[in-house]
Amino acid sequence: MPLPSVLELFQDMLNFSQTFTGKGGRRRNGCMVNCDATDAAASAAVAYLAGSPITYRSDEPWMGSPSRLPQTKPAAPCATVVGSAMSSVLEASLASLQAVPAAGIQLSPTYAYACAPFGARGCMSGWTNEGAAQAAVDRTAAFFAGADCAGSGMFATAGACAAAAGRCGSLGIVDGCSVEALDAFYSIQGAIRRNGGVLSSLIIDGSFKSFFDADPDGVYNTTVGPDTPGVLRVAVTLVGYDNAAFFWWVLLPLGPGFGRNGLVKVSYGAAGVGNVEETYTMNCRLAPAAPTQLQQRPIELDAESPGCYWYMGQTDDWAAGVAEFLQLDILQFVQDNAKRGVFTYLDKAQKQPDLSRSLGGVRLHVCGISPTMFNTLVQLECPPGQAVTGSSCVVCPDDTIKTVVGSGVCQPCPSGTVTLGQTAADHDDASDCKPAADYLLCDQYIGVTNVSGVYPVTINGKQYQVYCDMVYCDMVYCDMVTDGGGWLLAMNYNRKAGTAPRTRMRRLDEDGFPILNNTELGFDESKSSGPGGSWGTMDFAALGALPKLSEFRFYVRNGAGAIHLKSSEPNSFKYITTGRNDITTSGYSQDTFTAPQSGLQLLRMQTGYSPLPGHSMAQLTELVNAPSLKHIMAFEANSLWVDGVWNVPAYSTVAQLWLRGSGGVPKDCPPGSFAVGWGCHICPEGSYKDTFGPARCTPCSKGLITSQGAAMAGRVLSAHDEAADCRIGGGGFYLARV
């Protein structure tokens, strides 16, 4: 687009951003929020103009960066003026990345021109802006050579280039750069704010020097054609703008004696400055180990809006700056915060928000932040009881707490204490660390007895009892035999074939835990409720009061066989104790025979489950493939989802859920398994362990799975006991009738 057309478009957008009318008073019904079909909606460009300072120069602070105005350089020798302007652009860019004053950064104005590679450009060959920008992408290190690599003269020989390279080499703090062509005035202004400087050019004649000799503070407003005799095309660095007086701040590579220490003012559209064919910004990346003073911006998770956060505006923050820094959709950002009352309005209809002020001290709602920005440009601050994991906040692990808002880690409880529950409220105060002796479950009897039955347990410092038969009695059943014992019964159902009793029975605290009675198939226990009864699932409130649990055991048996598994999968514990987890049923095809309407417990057991005695893989496979069962079940590469009970009238069914505490001493588990609580568990799919001991399993390299990853056939230690078990393969996803 010709420069006059670019300028005309900019004038129209600028007017719209300030008055919501176009040139000549058109579009008087302009809007940015609350638009209707008859309104002229603002573009992102208009929003950037409205949300930016009217005037700005790169020696002013912007989003935490100090002055990024480069030092004025001596007049460049012969044709290296483009290299000199480019070095100023890169000095400003590096200052932006490191949040340090650009005056302290000096790059060689001639080294890249003459030596990258040597002989490509001579004293009279010249260099275009486009060529210099592309060379900075291709040979970044040469452009970030220190200023002492070159004096004021050219490099006459390849040996001189080699000697200069050996003298200082690259600063080694930039990992690479990309070039962005700028085709609009608003984008040039955004790049100046973001990177401190933009490469452009002037077309001038002798009047240019005489003008500033006479008035160093004047605004140059003369344009000469590129074919006019005696004209000169000069590469320059744009370092500021003034949208009130309509001029650019231009840093010239002609020495400090020109203008005011090399700085001059040139009108928009004059002397070819801002020409879309010769104006570029450099977007560079710091090397991983490079120092930086840039402070990460703190944000807080908005628990009610997934993917959104709260950000407190800092001094000199503007709407455009926040959107640029956090890489937000500026229109979405403005519209979202306008609904929250952040902005005042220029009109009574509240369609034209006033963005012409700093947002320092204003709490802003921001959505769509890229995950790559976390721990680099932004720092997530989590509420008490939660710590940062990637770009989200997660509840502190068991037996740890976090009592303040911030990005800190969860701290371990004092020795001898444990936390309860799986919510942030269970980990947000020092009092959440409870004495471990106050929470003694069935595992306290491991090594003491191998007889299963009703035993006293301690919860919240008191012996757990319920009122039954006119007296208080212990109402917890402990299995002291299976897999080493120590299992507390939390769910128990024995349903007779041909019946359809209520299978979502919740036992309240006054009912006590279910007590194991008759486990023979065909025995109907559906009427056995209340204290001492056998039927039902313990309520979430009672289960949530239990201490840290290490394992759960799932047992279902009917006439065709049994499913008997144990696991330590955290989301299942979360569901068991709170009724909430990350299970989604989207995409599941459900019918009238489908749980959870008739189901009991929906558990997620990762493929790290371990089979126990009596488990029938054939029965599990039959259940998955059966077309008429009332259940939800799915195989996939990473998890197995199971509904606790399926109601098939032809089958009598026993279903149980057992829980075991965490008081065990870590066991020396064989290869292929790891220690959890009191037991050893087979490594999860996609991992292995080739040593004897309690250590965790090692994940397979990316793209590899263990041999059972696709079909889940028969979990065995031998599929996870050496690195060679990690093989190339794909995970399957098999859905039963759901």
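Two strands pair if DSSP finds at least two bridges between them. That rule underlies one sheet of this predicted model, in which Trp310 stands opposite His365 of strand β13.

**The four-stranded sheet**

Trp310 faces His365 across a strand pair. The partners are strand β12, residues 308-312, and β13. They run antiparallel and share five bridges. The wider sheet is open and has four strands. Its order is β13-β12-β11-β14, and its pairing is mixed. Strands β13 (363-367) and β14 (378-381) form the edges, each pairing on one side only. Neighbouring strands in this sheet are turned against each other by 40° on average, direction ignored.

**The chain overall**

The chain has 738 residues, and 53% of them count as buried. Its secondary structure comprises 14 helices and 43 strands. Take the contacts between residues at least 6 apart in sequence: 67% of them join residues at least 24 apart. The accessible surface comes to about 30700 Å². Carbon and sulfur atoms hold 54% of that surface.

**Disulfides**

How many disulfides does the count come to? The count is eleven, taking a disulfide as a pair of cysteine sulfur atoms within 2.5 Å. Among them are the three in this table.

| Disulfide | S to S distance |
|---|---|
| Cys31 and Cys35 | 2.0 Å |
| Cys669 and Cys680 | 2.0 Å |
| Cys700 and Cys726 | 1.9 Å |

Start with Cys31 and Cys35. Why is this disulfide right-handed? The torsion about its S-S bond is about 120°, so the link is right-handed. Is Cys31 buried or exposed? Cys31 is buried, because its relative accessible area is 0% and the limit for buried is under 20%. Cys35 has 37% relative accessibility and therefore counts as partly exposed.

Next comes the bond between Cys669 and Cys680. The link of Cys669 and Cys680 is left-handed, with -90° about the S-S bond. Cys669 sits in the loop between β36 (653-661) and β37 (673-676), while Cys680 belongs to strand β38 (residues 679-682), so the pair ties together parts eleven residues apart in sequence. Cys669 is buried at 0% relative accessibility. Cys680, with a relative accessible area of 22%, is partly exposed.

The third bond joins Cys700 to Cys726. A value of -70° about the S-S bond makes the link of Cys700 and Cys726 left-handed. This pair links distant parts of the chain, 26 residues apart. Cys700 lies in the loop between β40 (698-699) and β41 (704-706). Cys726 lies in strand β42, residues 726-728. Cys700 counts as buried, at 12% relative accessibility. Cys726 is also buried, at 11%.

**Glu324**

Where is Glu324 found? Glu324 is in helix α10, which covers residues 319-326. Its relative accessibility is 14%, so Glu324 counts as buried. Which residues does Glu324 touch, leaving out those up to four places away in sequence? They are Tyr48, Trp62, Gly190 and Arg193.

How values were computed. Residues numbered from 1 in each chain as written. Predicted model: local features only at pLDDT ≥ 70, side-chain atom pairs only at ≥ 80, totals over all residues. Heavy atoms only, no water. Helix = DSSP H or I, 4+ residues; strand = E, 2+ residues; numbered from the N terminus. Buried < 20%, exposed > 50% of the residue type's maximum accessible area, 1.4 Å probe, protein only. Contact = heavy atoms within 4.5 Å. Axes fitted to C-alpha atoms, helices over the stretch in contact; angles between N-to-C directions. Areas by Shrake-Rupley, 256 points an atom, 1.4 Å probe, with all protein chains shown as cover.
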